[in-house]
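Biologist: Please show me the model, and then let me ask what stands behind the terms you use for it.

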Amino acid sequence: MTDNCLFCKIIAGAIPGKIVHQDEELVVFEDIAPQAPFHYLIVPRKHIPTTLDMAEVDEALIGRVFRLAARLARQMGFAEEGFRVVNNCNAGAGQTVWHLHFHLLGGRKMTWPPG
Ligand code: AMP
Ligand code: ZN
């Protein structure tokens, strides 16, 4: 666990989170400020600060993120109507927690382009 990292603390159980899935590599919990009827954060257990810090060894992990997103979207019933998987990289893109994560958003019509 990396000190002073909010998501490391949630993954370790030191801070409560509404966890909906966990396995050896990934933890999924509800976003505290949901931007859609369904808003989950898919978070690798490994502390990687941003997309820019990914290494070659992390490639398979990110593939699993997207497969898990699809599985959860089907399970929760919003897959067919459409959903979005979003990664914000660095402050200019809206990143506020420096532990790599992917937003899974669904349950409403999405607009494009994103803000
Ligand atoms: P980002 O802005 O892309 O870095 O995403 C960080 C997300 O973490 C935001 O959507 C926040 O609402 C969410 N968040 C912040 N604190 C918590 C928390 N304690 N539990 C769950 N989600 C959180
Ligand atoms: Zn972390």
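The exchange below takes the terms one at a time.

Modeller: This is a predicted model, in which local features need pLDDT of at least 70 and side-chain atom pairs count only at pLDDT 80 or more, while totals for chains, interfaces and linings use all residues. Residues are numbered from 1 along each chain as its sequence is written, chains are lettered from A and ligands numbered from 1 in the order in which they are written, and side-chain values use heavy atoms, without hydrogens and water.

Biologist: What makes a residue count as being around ligand 1, and which come nearest?

Modeller: A residue is near a molecule if one of its heavy atoms lies within 4 Å of it. Around ligand 1 there are 16 residues, of which Asp31, Asn88, Gly94, Thr96 and His103 come nearest.

Biologist: Why is the pair between Asp31 and ligand 1 called a polar contact?

Modeller: A polar contact is a pair of N or O atoms within 3.5 Å. An N or O atom in the Asp31 side chain is 2.5 Å from an oxygen atom of ligand 1, so the pair qualifies. For His103 the distance from a side-chain N or O atom to a ligand 1 oxygen is 2.8 Å, and for a polar side-chain atom of His101 it is 2.9 Å; therefore these pairs qualify too.

Biologist: How do you know how much of ligand 1 the protein covers?

Modeller: Accessible areas come from the Shrake-Rupley method with a 1.4 Å probe. On its own ligand 1 has 500 Å² of accessible area, and the protein covers 83% of it.

Biologist: Which elements supply the shell around ligand 1?

Modeller: Helix H1 (6-12) and strand E2 (26-30) each give at least two residues, with the largest share, 3 residues, coming from H1. Helices (at least four residues) and strands (at least two) are DSSP runs, numbered from the N terminus.

Biologist: What makes Ala93 a contact of Asn88?

Modeller: Contact means heavy atoms within 4.5 Å. Leaving out residues up to four places away in sequence, Asn88 touches Ala93, Gly94, Gln95 and His103. Asn88 itself is in the loop between strand E4 (83-86) and strand E5 (102-106).

Biologist: What is the peptide bond between Trp112 and Pro113?

Modeller: The bond is cis, with omega about 0°. Pro113 lies in the segment after E5.

Technical notes: A polar contact is a pair of N or O atoms within 3.5 Å; within protein, one must be able to donate a hydrogen and the other to accept it, and residues adjacent in sequence count only if both atoms are side-chain atoms.
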